[in-house]
Amino acid sequence: MSVKLSIIVPCYKVERYLSRCLDSLVNQTLNEIEAICINDGSPDNCLDILKRYKKLYPDKIVIIDKENEGVWKGRRDGIRIARGEYIGFLDSDDYALPTFAEDLYRTAKQYDADIAVCGFNRVDMETEVILTEEMTKPRNNFVIGSEPGRLLELNGAPWNKIFRSCLLKDLPDLENRPAILDDLIFHLLVYIYANGKVAFCPKALVRYMIRNDSIITSIRKEQVASTFSSFAELGQLYKDKDCGSDKITMLASEAFLHLGISLLFRLTYDPSCNCQNYIQECISFLDSNFSSWRSSKYLSLRYALRQRGAFLKLWIARTAYRLHLISMLMKMYRYAIDCWHIDIKW
């Protein structure tokens with residue numbers, strides 16, 4: 001069977017949820033798929049569950065059983081053996097709707113896209129109540145080589161996207177692998193070679209399972225340092241690969257978004273963290289490694305008014321940095337989430 005889509009599923013300590021995830025994949029309406037399941041040295045019964053599904057669906061389930069090396073390495077092991085024309089991903093505690101593979105593959109083929117993106121729901125892990133629906137508003141497709149700034153619209157997770165296989169087969173690696181934001185940095189590596197089309201399928205096809213308190217995630221100081229090192233190496237890679245000024249400006253804008261806003265917000269939940277010191281450290285890092293963040297056209301009011309949506313919020317955040325009001329903005333953001341339960345997505 002020729003494989004149209006390979007779906008890579010890292011598995012570690014998810015025996016409670018794994019069967020639901022696998023059921024959602026073996027029952028896809030697109031038949032020509034393979035699910036490459038990486039048992040990443042999981043100490044529970046994940047491997048036994050995978051073997052049971054392999055016996056039932058030998059043409060669809062592929063197992064990689066390996067020692068624990070983390071998701072970063074596991075995904076690369078899956079990419080290496082993937083046979084699909086396109087490659088997608090799914091976390092093993094999440095699940096996909098039956099038309100996930102068919103709708104994304106059809107979208108990619110219809111527009112000859114390098115990347116196809118679908119919507120998703122955030123779902124409470126315990127109650128299974130749908131909390132949000134995201135990436136489902138209709139939006140125009142775009143060509144990365146012509147409009148790299150629009151990559152800022154995409155969420156940083158790989159599980160609601162499929163990628164043309166050749167983009168991932170030659171994916172460069174990093175010496176400084178990230179301890180956090182690894183999903184995002186995976187995307188930024190893909191964008192080095194991706195110049196084709198990004199096409200959207202405005203349907204919520206993935207159920208992304210979260211805990212009510214999952215926004216409050218502890219971050220250690222060394223994890224922040226690791227992520228800074230990864231971004232610095234990325235910046236050098238973009239220059240070495242002659243990605244061009246527009247892609248480099250896009251990368252600088254992504255660095256501002258995720259280091260200057262998203263990571264800062266997560267650090268506000270750590271009572272031991274001096275956020276003002278982090279802000280100064282972040283500004284210094286951005287100025288040294290991504291100096292175009294201050295003048296990025298993708299963070300300008302003109303671009304924000306044209307593209308709207310996420311770009312208006314990014315312009316507000318950069319303006320807050322310029323006016324030394326970012327701490328106040330973060331407090332307002334925290335208040336909106338903690339008291340009004342309104343989560344403003346950046």
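Asp77 and Arg80 both belong to helix α3, which spans residues 71-81. They sit 3 residues apart, about one turn of the helix. In general, an α-helix has 3.6 residues a turn, so residues three or four places apart point the same way. In this predicted model, the side chains of Asp77 and Arg80 meet in a salt bridge, with N and O separated by 3.9 Å. The two partners differ in exposure. Asp77 counts as buried because its relative accessibility is 8%, under the 20% limit. Arg80 counts as exposed because its relative accessible area is 56%, over the 50% limit.

A further salt bridge joins Lys109 to Glu85. The closest N and O atoms of this pair are 2.7 Å apart. Lys109 lies in helix α4 (residues 100-110), while Glu85 lies in the loop between α3 and β4 (86-89). The pair therefore ties together parts that are 24 residues apart in sequence. Lys109 is partly exposed, with a relative accessible area of 43%. Glu85 is also partly exposed, at 31%. Beyond single pairs, salt bridges that share partners form a network. This network joins Asp40, Lys66, Glu69, Lys73, Asp77 and Arg80.

The count of salt bridges in the model comes to 24. One of them links Arg20 with Glu128, whose closest N and O atoms are 3.5 Å apart. This pair connects distant parts of the chain, 108 residues apart. Arg20 is in helix α1 (residues 18-26), and Glu128 is in the loop between β6 and β7 (130-134). Arg20 counts as partly exposed, at 25% relative accessibility. Glu128 is partly exposed as well, with a relative accessible area of 47%. As a general point, side chains of opposite charge can pair when their charged atoms come close.

Helix α3 also borders an enclosed space. The structure holds 1 cavity of 30 Å³ or more. About 60 Å³ of space lies in the largest cavity. Its lining consists of Val71, Trp72, Arg75, Arg76, Asp182, Asp183 and Phe186. Helix α3 provides the largest share of this lining, 4 residues. Both α3 and α6 (182-193) supply at least two residues each to the lining of the largest cavity.

Attention turns next to the strands. Strand β10 covers residues 197-210 and is mostly covered, with 10 of its 14 residues buried. Strand β6 (residues 113-124) runs parallel to β10, and 11 bridges join the two. Within this pairing, Asn121 stands opposite Arg207 of β10. Strand β5 (residues 95-96) pairs with β10 in the antiparallel sense, over 2 bridges. Here Tyr95 stands opposite Arg207 in β10. Arg207 thus has Asn121 opposite it and Tyr95 opposite it. Strand β8 (residues 142-143) also pairs with β10 in the antiparallel sense, again over 2 bridges. In that case Val143 stands opposite Lys197 in β10.

Helix α11 occupies residues 310-322 and has 13 residues. From its first C-alpha to its last, the helix reaches 19 Å. This span is close to the 18 Å expected at 1.5 Å a residue. The buried residues of α11 are Phe311, Leu314, Ala317, Arg318, Ala320 and Tyr321. These buried residues pack against four helices: α8 (245-267), α9 (275-289), α10 (301-307) and α12 (326-338). After α11 comes His324, whose phi is positive, near 60°.

Helix α9 also takes part in a pocket. The second largest pocket holds about 260 Å³ of space. A set of 13 residues lines this pocket. The closest of these to the pocket centre are Lys221, Val224, Leu267, Cys273 and Glu281. Helices α7 (221-240) and α9 each supply at least two residues of this lining.

Note on methods. Residues numbered from 1 in each chain as written. Predicted model: local features only at pLDDT ≥ 70, side-chain atom pairs only at ≥ 80, totals over all residues. Heavy atoms only, no water. Buried < 20%, exposed > 50% of the residue type's maximum accessible area, 1.4 Å probe, protein only. Pairing = 2+ DSSP bridges. Salt bridge = Lys/Arg side-chain N within 4 Å of Asp/Glu carboxyl O. Expected span 1.5 Å × (residues − 1). Contact = heavy atoms within 4.5 Å. 1 Å grid on protein atoms, 1.4 Å probe; cavity = no way out; pocket = protein on both sides within 12 Å on 5 of 7 lines; lining within 4 Å. Points joined across faces, edges and corners; volume = space filled by probe spheres on them.
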